[in-house]
Amino acid sequence: MSGLNDQQRTAVRHVHGPLLVFAGAGSGKTRVITYRVAHLIQSGVAPWHILAVTFTNKAADELRERLVHLIGRDAGGVHVGTFHSQCLRILRRDIQRLGWEPDFSIYDADDQLRMVKQAMADLAIPLTSISPAAVRNEISRAKDELASPHVYSERAEGYFRELTAKVYHRYQALLRNAQAVDFGDMIWLAVRLLREDGEARAFYQGRFRFILVDEYQDTNHAQYALLRELAGPGANLCVVGDDDQSIYSWRGADLRNILDFEHHFPNASVVKLERNYRSTQRILRASNAVIAKLERRSAKTLWTEREAGGPVQIIEAFDEEDEARQVLGEVREIAAVRGLARREMAIMYRTNAQSRPFEELFVRLGVPYQLVGAIEFYNRKEVRDVLAYLRAVANPRDLVSFERIVTVPKRGIGATTLAALRQWGAAVGLAPGEIARMLAAPGGAPARLADLPLQPRATKALAQLGHVLVTLDALAAELPVAQLITRLVQETGYHEVLDNDPERPDERWENVVALGAAAEKYDEFGPRESLARFLHEAALVSDPDNFAAGTDAVTLLTFHAAKGLEFGAVFMVGMEEELFPHIRSYEDPVQMDEERRLAYVGITRAKDVLYCAYARHRSGWGSPVRFPSRFLQDIPPELLAYKRRLDALPGIPAAGLVVGPDAAPARQPPPSERSIRDGQRVRHAVFGEGLVVSGSITKFDEEITVMFEGVGLKKLAVSFAKLEVIR
DNA sequence: GGGGTTGACACCTCG
DNA sequence: TGTCAACCCC
């Protein structure tokens, strides 16, 4: 408690009733959450009565880690997870109460798209008339609002919405038949369970007596409804958030949840955390300048007692490769000269695709890095194929998975056969996967399949697939999931598919092996259970989050993924018009505001140094000639300094940022004489103890060379490397 | 009717 | 850069 300021302490000590914590960036939010959990436990609340909900897996992991650090073993009892993982737990336990099988499949955005296309095909709506992806998004938004197909239809106006309403009806029926839920359904079904089933409601309200929600500004209506039901009349609900950091409206986030909290929960207490402990003054001023241009926001003024710090360093690059080169040069520079650990550095970008040139260069230079999120592991074709097999085994009604495995390997079953199968199956209440299995029955196909309208050749091919599935079913009853994967690859012929891959068979194999390795930790649950758990949890993983913890690597991630994190040095790259702000936000001022908040999130991740890079030329999509982002231009010139600037480029119009005069001399006024003498011993956070061997005063700083034990010679900037002189 | 090939086209952010 | 639909051949 002693390390907390008054506002933080108030929030931590609050026990009963609703509490809203407005927590500005870097104001010690996570600290408040962890301390509050500790305080609750200290006041006699059992850990398993506490539920902490975060937005991303990464945030959940981090919170769990911090709790272990703070309260030790009790932390294991606290329920920590994302909204979706908590709903998954609820559904795994109780979905049968809603009339679903426990082996339901979880459909991600990709699977959803297939189902939308299927629904459109069923309704004879041409794929060219409305975009299936747009329809999928619209359906997801409807689910965020808990609007059923029926409710949606009543409100639907205009060409697109009226068609979407029809597709939505059909889509939902297809999901139901496939025993599948999408991400929206996961929240919704949990809400329904709590609303409709008094026994279940009593159980969960009794279990989760104290609820904490992080990033509350990013919750949607369905999530609000869930919290409302879980919290019950006692409403020991503590929400923490910052409207300035709302960046998920495209996922249905509704700012009213946080802005109207006191209205939703009338006796709520409110605490504002406005002191920033993270960033230097210049970084904080830069962030304030960017966010100040927003019109609608709750009044907050962040302040800091930290030192002024250096200016925001601008890097102007020729193109995306040059940008990566310059940024990596700077990464190596501050690692070597300032002694900053690589884990304290992050490169942030608007879109995942931007990571590529950086990754290539990191690999080439042998600099350790870790990539968060991205074109992930679970989106690899081979990984999805194997998962589709597993899902088809776990849930024989799963349509998307069945149709995926039908063609890997090629079996002589095509679109026509599948369409006939689906149609006939729907009439008699059988899923294609079930029909295939029945065709493979030992005594021949049962009589109810007599009028299956297929050519003999197609029937035979389908029976063969059915045989494979029956074999896998039997294996799944005996083997835990990791071993099942090994056998599956052989039994299904997927082995040959990989070997004959024209592109990168080795890499694909490695991914399949890695999937098996990821499955191993579920083996302890035994044959069927390990399969179900693995599939359900794999569906919620959005990034290969199990990077070797503790390795000293530079982090590469999107601004979205960076929320909630902090780094000593942040490189915001691709700071160009049409990229950030993203071109898709240009027509809509609401979306443009969200881009601005995203920029604010990026800037406020930085503790000590902030670099912003932009290229004058970028290949690929968008215009090739680029201009610096408006967000950079919104930062007062005196806070900016060019670290690197290009000479005039032939054929490219000049465009630079206005950089103020006071920015030039970097950080604090340079020291006039040396403060650390040769021969003194110093301690460094990363390198340990060392002996000062030489030093000098440069234009901006005092630099010393230190011999560290077991590390070697390092050149350090005194104002930056937090050195402790040992007497 | 299946499957290979080719050409067009889109590609933001996440559980 | 990869995916997907249209097209044509077997």
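**Exercise 1. Compare the expected span of helix 3 (residues 57-71) with the distance between its end C-alpha atoms.**

Start from the 15 residues of helix 3 and a rise of 1.5 Å a residue, which should give a span of 21 Å. Then take the end C-alpha atoms of helix 3: they lie 21 Å apart, so the two values agree. Keep in mind throughout that this is a predicted model.

**Exercise 2. Work out which residues of helix 3 are buried and where they sit around the axis.**

Begin by listing the buried residues of helix 3: Asn57, Ala60, Leu63 and Leu67. They cover an arc of only 125 degrees around the axis, and therefore share the same side of helix 3. A general point helps here: an α-helix has 3.6 residues a turn, so residues three or four places apart point the same way.

Now turn to the other side of helix 3, where Glu65 and His69 are exposed. Finally, look for what covers the buried residues: helix 2, strand 2, strand 3 and helix 25 (527-540) are among the elements that do.

**Exercise 3. Describe what is found at the start of helix 3 and just after it.**

At the start, look at Thr56: one of its side-chain oxygens comes within 3.0 Å of the backbone nitrogen of Ala59. Just after helix 3 comes Gly72, with a positive phi of about 70 degrees.

**Exercise 4. Trace the open sheet, find its edges, and see which helices pack on it.**

First, write down the order of the six strands, 3-2-6-7-1-8, with parallel pairing. Next, read off the edges: strand 3 (79-82) and strand 8 (269-273) each have a single partner strand, so one side of each lacks a neighbour in the sheet. On average, neighbouring strands are turned by 15 degrees against each other, direction ignored.

Then zoom in on one pair. Strand 6 (residues 210-213) and strand 7 (residues 237-241) are joined in the parallel sense over three bridges, and Leu212 stands opposite Cys238 in strand 7.

Now add the helices. Helix 2 (residues 29-42) touches strand 1 (19-23), strand 2 (50-54), strand 6, strand 7 and strand 8, and its direction makes about 170 degrees with that of strand 6. Helix 4 (residues 83-94) also packs on the sheet, touching strand 2, strand 3 and strand 6; its direction makes about 115 degrees with that of strand 3.

**Exercise 5. Decide whether Asp322 is buried or exposed, and list its surroundings.**

Locate Asp322 in helix 15 (residues 320-336). Its relative accessibility is 5%, so Asp322 counts as buried, the cut-off being under 20%. A polar side-chain atom of Asp322 lies 2.6 Å from the backbone nitrogen of Phe318. Leaving aside neighbours within four places in sequence, Asp322 is in contact with Ala317, Arg644 and Leu646.

How values were computed. Residues are numbered from 1 along each chain as its sequence is written. Chains are lettered from A and ligands numbered from 1 in the order in which they are written. This is a predicted model: local features need pLDDT of at least 70, side-chain atom pairs count only at pLDDT 80 or more; totals for chains, interfaces and linings use all residues. Side-chain values use heavy atoms; hydrogens and water are left out. Two strands pair if DSSP finds at least two bridges between them. Helices (H or I, at least four residues) and strands (E, at least two) are DSSP runs, numbered from the N terminus. Axes are lines fitted to C-alpha atoms, for helices over the stretch in contact, and angles run from 0 to 180 degrees between N-to-C directions. Contact means heavy atoms within 4.5 Å. The expected span of a helix is 1.5 Å times one less than its number of residues. Buried means under 20% relative accessible area, exposed over 50%, partly exposed in between (1.4 Å probe, protein chains only). The arc is that of the directions from the helix axis to the C-beta atoms. A polar contact is a pair of N or O atoms within 3.5 Å; within protein, one must be able to donate a hydrogen and the other to accept it, and residues adjacent in sequence count only if both atoms are side-chain atoms.
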